[in-house]
Amino acid sequence: MERTFEAARLDISDLAARMPVGSSLAIETIRKADMKRLNGLDGLPLATLSLRWLSAPDLEAVPLPATLTELRIWHSSKLKSLKGIETASDLETLEVREIGLLEDAAALKLLPKLRSLSIIGGPPSLQKIASLDFLDGLPIAELTLTAIDGAKLDLTPVTRLPNLERLYLHGPNFQPAELAKVAAAYPWFFDQLMDLPDYSIDGMPCKKCRKRRKELFLKGKKGLWCPQCESKGLTKVLADFSELVASFRSV
């Protein structure tokens, strides 16, 4: 069971005396004045940690336990760098959601056990990332990039993940050519796109036939399609994208 505390009421010494190995902890509203209350956090036998409303530009001031296997950081608009995360050397799963402009994530390369990485934005603001170069060569098996401001992002580093098995790229503004690079590198991801998953939000069916619409997000194109009522336009979009993917495969 996860225990949740406001940072201003956190007592690390008390937790240390009572917390069993493999525990889960959530800390919220971590103001600059509360950062000192995190002293000793690295001595807790935590497996899972969640940080919300963290008032810090990086993680160097957060003493992360080496025992962590899962870390979640969310709603932390001041966080711009993951420097310091390397102290959580056993980390396997990382989720960052609705943080500031992610300028530096190079420290992820110092996490040899990292297998799952999620970077997620949220309405109404897309998550901004300066560059995806930090992904190049990471040993992760699963990558999620959802609600990302991807209009100018080069997705080439996504194609250089040697152990990748699952990929979720979701959002309306990734350039078609960039998505095509990724689809050319991972045929299973191409099939995933072509399968046209159901739109995930209820209550927005096709206005004509009232059936659930399908998703295909390509910048400059509509993202929701009814295969029955819009089959002609959808067929052309799929054919054009398939040709684009084929052009990258032939390079």
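Two strands pair if DSSP finds at least two bridges between them, and strands (E, at least two residues) and helices (H or I, at least four) are DSSP runs numbered from the N terminus. With that in hand, welcome to the exercises.

This is a predicted model, where local features need pLDDT of at least 70, side-chain atom pairs count only at pLDDT 80 or more, and totals for chains, interfaces and linings use all residues. Residues are numbered from 1 along each chain as its sequence is written, and side-chain values use heavy atoms, with hydrogens and water left out.

**Exercise 1. Take stock of the chain.**
State how many helices and strands the protein chain has, and in what order they run.

Solution. Start with the count: the secondary structure comes to four helices and 10 strands. Next, read from the N terminus on, which gives β-α-β-β-β-β-β-β-β-α-α-β-β-α. For the dimensions, the C-alpha atoms fill a box of roughly 65 × 40 × 30 Å along the principal axes. Finally, of the 251 residues, 47% count as buried (under 20% relative accessible area, with exposed over 50% and partly exposed in between; 1.4 Å probe, protein chains only).

**Exercise 2. Lay out the sheet.**
Find the strand order of the eight-stranded sheet and name its edge strands.

Solution. The order is β1-β2-β3-β4-β5-β6-β7-β8, in an open sheet with parallel pairing. The edges are β1 and β8 (166-170), each of which pairs on one side only. From one strand to the next, the twist averages 5°.

**Exercise 3. Walk through the bridges.**
Starting from β1, follow the pairing as far as β5 and give bridge partners on the way.

Solution.
- Step one: β1 (residues 2-6) and β2 (residues 23-30) are parallel and share five bridges. Here Arg3 has Leu25 of β2 as its bridge partner.
- Step two: β2 runs parallel to β3 (residues 46-54), joined by seven bridges. Glu28 is partnered by Arg52 in β3, and Ile27 by Leu51 in β3.
- Step three: β3 and β4 (residues 70-76) pair in the parallel sense over five bridges, with Glu70 of β4 as the partner of Thr48.
- Step four: β4 and β5 (residues 93-99) are parallel over six bridges. Arg72 finds its bridge partner in Glu95 of β5.

As a side check on β2, eight of its eight residues are buried.

**Exercise 4. Assign a handedness.**
Decide whether the β-α-β unit of β1, α1 and β2 is right-handed or left-handed.

Solution. Point the strands away from you and trace the path from the first strand over the helix to the second: clockwise is right-handed. For β1, helix α1 (residues 12-18) and β2, the unit is right-handed.

**Exercise 5. Describe a helix pair.**
Give the geometry and the contact residues of α2 and α3.

Solution. Two packed helices are described by the angle between their axes and the distance between the axes. The axes are lines fitted to C-alpha atoms, for helices over the stretch in contact, and angles run from 0 to 180 degrees between N-to-C directions. For α2 (residues 176-185) and α3 (residues 187-194), the axes come within 5 Å and cross at roughly 125°. That makes α2 oblique to α3, since angles under 35 degrees count as roughly parallel, over 145 as roughly antiparallel, 65 to 115 as roughly perpendicular and the rest as oblique.

Methods:
Contact means heavy atoms within 4.5 Å.
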